[in-house]
Amino acid sequence: MDFRERLREEISYSGLSNKELAAKAGVTLRSLVSYVSGQSCMPSADVAVKLAKALGTTVEYLVTGQNASLLGETSEEKGRRLLHVYASLPEKQKSLLLAVAEDIQKNL
């Protein structure tokens, strides 16, 4: 997965439209569309920071797919990480993970 794919995924998870994200991040819609579509390889560092912040993630994640630090990770970040893991699993494992999560919730 590359920057463009992770950016698309984060936009999808955020529920924001490209127009809303561009406004929230303070970048032009045209620039954002070029990053999402692959017309531009990578944004400048300052734009990448704005996009990451607007999406509630890190630049390191958008660029490399890795979290900078799992220490001090917020609940939202943990949830996003769980969604990434879940999305990468085959259907059978997704069903198993969901069953485990529901069992844990029942036993709280």
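The face of helix α2 that is turned away from its buried side carries the exposed residues K19, A23 and K24. Here exposed means over 50% relative accessible area, buried means under 20%, and partly exposed is what lies in between, using a 1.4 Å probe and protein chains only. Everything here describes a predicted model, in which local features need pLDDT of at least 70 and side-chain atom pairs count only at pLDDT 80 or more, while totals for chains, interfaces and linings use all residues. Residues are numbered from 1 along each chain as its sequence is written, and side-chain values use heavy atoms, with hydrogens and water left out.

Now turn to the other side of α2. Its buried residues are L21, A22 and A25. Seen down the axis of α2, they fall within an arc of 100°, so they line one face of the helix; the arc is that of the directions from the helix axis to the C-beta atoms. A general point helps here: an α-helix has 3.6 residues a turn, so residues three or four places apart point the same way. The cover over the buried residues of α2 includes α1, α3 and α4. Just after α2, G26 takes a positive phi of about 75°.

Let us step back to the whole chain. Its secondary structure comes to 7 helices and 0 strands, where helices (H or I, at least four residues) and strands (E, at least two) are DSSP runs numbered from the N terminus. Along its principal axes, the C-alpha trace spans about 45 × 30 × 25 Å. Of the 108 residues, 26% count as buried. Among contacts with a separation of 6 or more, 50% come from residues 24 or more positions apart; contact means heavy atoms within 4.5 Å.

How do the helices pack? Two packed helices are described by the angle between their axes and the distance between the axes. The axes are lines fitted to C-alpha atoms, for helices over the stretch in contact, and the angles run from 0 to 180 degrees between N-to-C directions.

Start with α2 (residues 18-25) and α4 (residues 45-55), which pack at an angle of about 115° with their axes 9 Å apart. That makes α2 roughly perpendicular to α4; angles of 65 to 115 degrees count as roughly perpendicular, under 35 as roughly parallel, over 145 as roughly antiparallel and the rest as oblique. The crossing of α2 past α4 is right-handed, meaning that the near helix is turned clockwise from the far one by less than a right angle, whereas anticlockwise would make a crossing left-handed. In this contact L21, K24 and A25 of α2 meet K50, L51, A54 and L55 of α4. These residues divide into 5 nonpolar, no polar and 2 charged. Ala, Val, Leu, Ile, Met, Phe, Trp, Tyr, Cys and Pro count as nonpolar, Asp, Glu, Lys and Arg as charged, and the others, Gly among them, as polar.

Helix α2 also meets α3, and their axes come within 9 Å and cross at roughly 115°. This crossing is right-handed. N18, K19, L21 and A22 in α2 touch L29, L32, V33 and V36 in α3, giving 6 nonpolar, 1 polar and 1 charged residues by class.

L32, in helix α3, deserves a closer look. At 0% relative accessibility, L32 counts as buried. Leaving out residues up to four places away in sequence, L32 touches L7, I11, N18, L21, A22, V27 and L51.

One of those partners, L51, leads us to α4, where V47, A48, L51, A52, A54 and L55 are buried. Seen down the axis of α4, the buried residues fall within an arc of 165°, so they line one face of the helix. On the other side of α4, A45 and K53 are exposed. The buried residues of α4 pack against α1 (3-14), α2, α3 (29-37), α5 (59-64) and α6 (75-88). Just after α4, G56 takes a positive phi of about 70°.

Farther along the chain, α6 also meets α1. The axes of α1 and α6 come within 12 Å and cross at roughly 115°. E9, E10 and Y13 of α1 make this contact with R80, L83, H84 and A87 of α6. By class, there are 3 nonpolar, 1 polar and 3 charged residues.

Finally, visit K94 in helix α7 (residues 91-106). K94 is buried, with a relative accessible area of 14%. Apart from neighbours within four places in sequence, K94 is in contact with Y86, A87 and L89.
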